[in-house]
Amino acid sequence: MSAKSGSRFDQTMRISIPQPAERKSKPKQAAKKKRTVTITRRRLSAPVQKKPDAADRSRYSALLQSIYDAVLVTDVTGNIIDANVRAEDFFLRGKEQLIQLRIADMVAGFDQSVLKTICDNADQRRFTLMEAYSVREDGTMFPSEIAVHKLHTEEDEQLCFLIRDITVRKQAQEALRWAHKRKLESLQNLAGGVAHDFNNKLTGVIGNAQLALQALPEDSEVRADLQRIIDNAEEMAELSQKMLAYSGRGHFLSLPMNLSTVVSEFEHILRQKVTPKILLETKLDRDVQQMSGDRGEIEQMLLHLVKNANESIGGAQGTITINTSTRFCDDQSMKPNFPEERVRPGYYVCLEVSDNGQGMDSATLKRVFDPFFTTKFVGRGLGLAAVLGIVQGHGGMIAAQSEVERGTTFSLYFPVLKEKAVPVRPRPPAPRPEAVHAKILIAEEDDSIRDLARRSLEDAGYSTLVAANGPQCVDMFRVYANQIDLVLLDMTMPGMKGAEVLADIRRIRPEVRVLLSSGYSESQVNREFTDQQPDGFMHKPFQMRELVEKVADMLRD
């Protein structure tokens, strides 16, 4: 087809067909030839051009007023020359007022560059569709979707703006975003609470099994069974840690770090997790700005992402790429990755992990961070959920882009470190007690952990006092304040929060040492203890020998 669509001139279509077989009665020709047949389709009577009459103008006006959206017609420079009734309602202006204004007066942020883009699109027979805020006469604005195309008339060219109020759509999107956020927070709170209680019980399981193991002779056949109990409990503790990471309450110890250095020094471990056919590449910005993070958790996060990329590529050849950089981010630049999120403007440390594996469809991509969601035959679906929790626990953001048979990219953004850590004012040093004479106050709500801690510390030569709740701990400390050398304090106890107990203890005797224990992360615990900070921290589940060693170190310090 070689004619312009809709033009009022001859349309010519050229086709090539083979010559039909020769009849036997005719002599055979030396060679076969192809004949080109030209088929011409001609308009026999082209419509006669005529100037619009009253009926045409009436039809145009009726059509314009029947459109449900607001319509503004402008010349190619943006001056409004016509409007429908809906536009008068939208903008709270009469038609006489509208035709004295420019489209830039009606759409916030509309400038010459936008107008040029619209005209360029129109010249290429393309519509322009955009979202912007439209401005009413009283200065209020409403979100709108604007479709623009060019009108060709005998006299000149015009631009037609169809403006739709999308306030209800935006409200529905915001409601869905908040509903999803609340759902995520609920799941995270549930996971965090379950993991915290789970850690308490695991501490009891591991501790009792270890005490039983110590009491058995070396040749006892039961020792192997007890050791398997301990090993399985420690594996469950790792699963619990993933749940805590997903909840954003993982075991974080945030320190200033250079992300490129962390990736570079951990690269040899990552290479061990990649199959031989897969190439692992790193493109690291050595001048990347510092961020605050827990190195162990960042390494665990990298491990999950690289493992996920490796499984996506499978047994085929492929490439996994890790990039680091520093970027300035705001709502405008981050909208493709975070269309529903409000991004705080500023500089972020960016980590990207890409692969050219099998990719994901849109349905899978929407659920990729959901806990217990997995596309693998074997798996718990907590790897990427843990990555999400680690990122959020560091105050960051994460987005995933994927295309089937093209691969996947995870983009992570962490706020740069702006402020230096403020040193904590040292408290008056306590006298160094001899270990055999030191008295420990154990404040723990879990009966099993409380009893295990008491037995272990007493076996190590310490004398102990025990309390099962916050008020009991404060009352007991008030009575024995001058005799107690260290308080082992559980963060969550009935009656009083751990922070309240610590504050009361420090008011009674400021220099006493306090060792805090919790199934939550140290960073989260520190956020709870804003006025008073404990002297040490034990993350549950812990082994009793670790507790004894920690107590001894704090008493010697």
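Reader: How many salt bridges does the rule find here?

Author: This is a predicted model, and in it the count comes to 25 salt bridges. The general idea is to look for a side-chain nitrogen of Lys or Arg within 4 Å of a carboxyl oxygen of Asp or Glu. A good place to begin is helix H13, which covers residues 447-459. There, Arg 450 pairs with Asp 447, and the closest N and O atoms are 2.6 Å apart.

Reader: Why can Arg 450 and Asp 447 be read as sitting about one helical turn apart?

Author: Because they are three residues apart in helix H13, their separation is about one helical turn. Now look at the cover around each partner. Arg 450 is buried, since its relative accessible area is 14% and the cut-off for buried is under 20%. Asp 447 counts as exposed, at 53% relative accessibility.

Reader: Which other residue forms a salt bridge with Arg 454?

Author: That is Glu 458, with 3.1 Å between the closest N and O atoms. This pair also lies in helix H13, and being four residues apart, Glu 458 and Arg 454 are separated by about one helical turn. Both partners fall in the middle class of accessibility: Glu 458 is partly exposed at 35%, and Arg 454 is partly exposed at 26%.

Reader: Which residues are linked with Arg 454 in a network of salt bridges?

Author: Asp 451, Arg 455 and Glu 458 join Arg 454 in that network. So the Glu 458 to Arg 454 pair, a salt bridge by the 4 Å rule, is best viewed together with its neighbours in the network.

Reader: What does the salt bridge between Arg 556 and Asp 553 look like?

Author: Their side chains meet at 2.4 Å, N to O. Arg 556 and Asp 553 are three residues apart in helix H17, which means about one helical turn between them. Arg 556 is exposed, with 54% relative accessibility, while Asp 553 is partly exposed, with 42%.

Reader: Let us turn to charges at the surface. Which residues form the negative surface patch?

Author: For a patch, we look for like charges on residues that have over 30% relative accessible area and no salt bridge. Here the negative patch is made of Asp 231, Glu 234, Glu 235, Glu 238, Glu 546 and Glu 549. Two elements each give two or more residues to this patch: helix H7 (222-246) and helix H17 (544-556). The largest share, four residues, comes from H7.

Reader: How accessible is Glu 234?

Author: Glu 234, found in helix H7, has 31% relative accessibility and counts as partly exposed. That value can enter a patch because the cut-off is over 30%.

Reader: And the interior: how many residues does the largest nonpolar core have?

Author: The general idea first: in soluble globular proteins, nonpolar side chains tend to be buried together. In this model, the largest nonpolar core has 38 residues. Those with the most contacts inside it are Ile 298, Met 301, Ile 320, Leu 351, Phe 410 and Leu 412. Elements that give two or more residues to the core include helix H8 (259-272), helix H9 (295-313), strand S11 (318-329), strand S12 (346-355) and strand S14 (407-415). H9 provides the largest share, seven residues.

Reader: How far apart are Val 487 and Leu 516 in sequence and in space?

Author: In sequence they are 29 residues apart, and in space 8.2 Å, C-alpha to C-alpha. Val 487 is found in strand S17, residues 486-490. Val 487 is also buried, with a relative accessible area of 0%.

Reader: Now the backbone. Where is a peptide bond cis?

Author: Check omega: the bond from Lys 540 to Pro 541 is cis, with omega near 0 degrees. Pro 541 is placed in the loop between strand S19 (536-539) and H17.

Reader: Which residues other than glycine have a positive phi?

Author: Two to inspect are Leu 92, with phi near 55 degrees, and Glu 405, with phi of about 65 degrees. Leu 92 sits in the loop between helix H2 (85-91) and helix H3 (95-98), and is partly exposed at 43% relative accessibility. Glu 405 sits in the loop between S13 and S14, and is exposed, with a relative accessible area of 62%.

Methods
Residues are numbered from 1 along each chain as its sequence is written. This is a predicted model: local features need pLDDT of at least 70, side-chain atom pairs count only at pLDDT 80 or more; totals for chains, interfaces and linings use all residues. Side-chain values use heavy atoms; hydrogens and water are left out. Patches are made of residues with over 30% relative accessible area and no salt bridge: like charges are joined within 9 Å, nonpolar side chains (Val, Leu, Ile, Met, Phe, Trp, Tyr) within 5 Å. Accessible areas come from the Shrake-Rupley method with a 1.4 Å probe; for residues, only the protein chains shown count as cover. Lys and Arg count as positive and Asp and Glu as negative; His and the chain ends are not counted. The place of a charge is taken as NZ of Lys, CZ of Arg, CG of Asp or CD of Glu. Buried means under 20% relative accessible area, exposed over 50%, partly exposed in between (1.4 Å probe, protein chains only). A nonpolar core is a set of buried Ala, Val, Leu, Ile, Met, Phe, Trp, Tyr and Cys residues joined through side-chain atoms within 4.5 Å.
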